[in-house]
Amino acid sequence: MRTKWKGLLAAVTAAGLVAGGTACSGDEGASGGVNLDGKKVAAMADFKAGDQFKATEPVEFRVLYSDHPNYPVKDDWLLWKEITGRTNVKVKPTTVPMSDYEQKRSLVVGAGDAPEIIAKTYPNQEDAFVASGAILPVSDYLDLMPNLKAKIEKWKLQPELDTLRQDDGKFYLLPGVHEEPWQDYTLAFRTDELTRLGLATPKTWDDVYSVLKAIKAAHPDGYPLSDRFEGNSILNVAAQTFGTTAGWGYEQSQWNEGAKKFEYTGATAEYKKLVEFFHKLVAEGLMDPESFTQKDEPAIQKFATGRSFAISSNAQTIVNDYRPGLKTIPGATVAKIPVPAGPKGDVLRVSRLENGLMISAKALESDKFVAMMQFVDWLWYSDEGAEFVKWGVKGTTYDKDAAGKRALKADIGFGGMNPDAPKKLQKDFGFQGGVFAYGGSTELLQSMFTDEEVAFQKSISGKKNLALAPPAPFSDTEREQATLWETPLKDLVKQATLQFVLGDRDLADWDAYVKELDGKGMGQYVQLVNSAHERYKQKNG
């Protein structure tokens, strides 16, 4: 129940809560009825979208910081110096290794010891912290964030934000926001081998099957596809076009537009068809069965040494992992293919929401609360702040010509730009990191893309983006009950999916598997989701 921080919130609510039920979609920003007059120390009096935020006196804000092993945090990064110079804010990171971040975040938030700003939180990860009251309903404070409000309006983001709403009609995560949907992951193929065999780039998953079969005929002793990411990427990518979710993107409930209700994802006909497709690839020797269990390095080595010809990829893995290894094979080339179309057509299911921030409820105690929210708004959501955390300092880390085209300094590298440069934008300067740099305009997002990646994005720009499922937020009691079902259900789906795909369990057992799901609470869980959806619809229109 929402008890731990009730006393805190009551203490700072001098004016009391605004009377009258829960907020409807788009009806936010009223500061939850909290009187903020005593919480404006260091805040700008008239902070508008496009303004440079600068605290009226020096302040310090703490950030829970996910430390990436490839570019570990450094005290002397130019990032920190520039943030302070531009905003009068000293950012104090509470550093947690990326490998332990989710566990550590849960511990510190649950104990009420989290920094004011809790970064690197993906949509729906905040659900676990709502009931305790340990994080703020940030939708109440959007009036303090003019840059974010402007983007919500300009980019028509309200439907995506609605997916974050809890049972009280509010949302508790400030997400990273994209102007347009962005799909990065797909399959990469050895394009020289496709050319040698006279094969066209596959446009559908049926084409993928045919191409892999042709490669298998030319290399009967190997597996054309030996994948990385333990199958989570390829299942996630393919599931979109099969009309379901799987792998990294697996969601327990799936909206059936025809029936106007939710179903349990792992038991749907769409999910079964996805499983059947990958079972066929494995059964016919077209996909390495180790794809679902091996670590990344063995998969990369198989690809680099010509033992496989297709592998899951994003833009960075092409540059960082595959091309360097293929240098030992004369004439070898590799490229991402457009996401193949599937049974649901040439579609994607891509949200414009990215990982974002939670704000600790304790932050509301501070007399600098308004200044903190203005700072967050500038650094994460203003055009200038987004460019700064991505590219760094104009004239120092990059140049910008009269047409607005940016280019890194010759001695600084990132991704496919200046790959042999002695200094790195992330490691040596702190920019383009995963804690501050995400979301933003399409122009800014693509400004660091190689010409190849820009062409890839253009190739998928015409795909239809599937409609979002309607909200079905749980109440506190329902969330506790749902948690009891979700883990065993998801574990069974993951285990059975692997068994069916690898042939360790006969697909004729599908109905028996569905009964096993029902035995673990599938029916009650789906009923709970549909009840939550109906209640939300009645309350919020």
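This section describes a three-stranded sheet, the nonpolar cores, the cavities and two individual residues of a predicted model.

The sheet is open and consists of 3 strands in the order β8-β5-β9, with antiparallel pairing. The edge positions are held by β8 (310–313) and β9 (334–336), each of which has a single partner strand, so one side of each is left without a neighbour in the sheet. Neighbouring strands are turned by 30° against each other on average, when direction is ignored. Strands of a sheet pair through backbone hydrogen bonds, in either a parallel or an antiparallel manner. Here, β5 (residues 186–190) and β8 run antiparallel and are joined by 4 bridges. Within this pairing, A188 has I311 of β8 as its bridge partner, and L187 is bridged to S312 of β8. The side chains of β8 alternate in direction: A310 and S312 point one way, whereas I311 and S313 point the other way, and all are buried.

Helix α11 (residues 296–304) packs on this sheet and touches β5, β8 and β9. The direction of α11 makes about 130° with that of β8. Buried positions in the helix are A299, I300, K302, F303 and A304. These buried residues of α11 pack against the strands β5, β8 and β9 and also against helix α12 (315–326). Just after α11, a positive phi of about 80° is found at G306.

The largest nonpolar core comprises 85 residues, and L174, F369, W380 and F436 have the most contacts inside it. The element that gives the most to this core is helix α13 (residues 369–381), with 11 residues. Leaving aside neighbours within four places in sequence, F369 is in contact with L36, K39, L136, Y141, L144, A363 and L364. Another core, of 59 residues, lies apart from the largest one. Among the residues of this other core are M287, F474, V526 and L528.

Empty space left between atoms is shown by rolling a probe the size of a water molecule over them. The structure holds 2 cavities of 30 Å³ or more. The largest cavity contains about 40 Å³ of space. Its lining is made up of K151, G176, V177, W380, Y381, A386, Y438, G439 and G440. Both β4 (174–177) and α13 supply at least two residues each to this lining. W380 thus appears in the lining of the largest cavity and among the residues with the most contacts inside the largest core.

Two further residues were examined individually. N530 is located in helix α20 (residues 522–540). The relative accessibility of N530 is 17%, and the residue counts as buried because the cut-off for that class is under 20%. Not counting residues up to four places away in sequence, N530 touches K261 and F262.

L507 is placed in the loop between α18 (476–502) and α19 (510–519). With residues up to four places away in sequence not counted, L507 touches V275, E276, H279 and F500. L507 and A455 are 52 residues apart along the chain, and the C-alpha atoms of these two residues are separated by 40 Å.

How values were computed. Residues numbered from 1 in each chain as written. Predicted model: local features only at pLDDT ≥ 70, side-chain atom pairs only at ≥ 80, totals over all residues. Heavy atoms only, no water. Contact = heavy atoms within 4.5 Å. Pairing = 2+ DSSP bridges. Axes fitted to C-alpha atoms, helices over the stretch in contact; angles between N-to-C directions. Buried < 20%, exposed > 50% of the residue type's maximum accessible area, 1.4 Å probe, protein only. Core = buried A, V, L, I, M, F, W, Y, C linked by side-chain atoms within 4.5 Å. 1 Å grid on protein atoms, 1.4 Å probe; cavity = no way out; pocket = protein on both sides within 12 Å on 5 of 7 lines; lining within 4 Å. Points joined across faces, edges and corners; volume = space filled by probe spheres on them.
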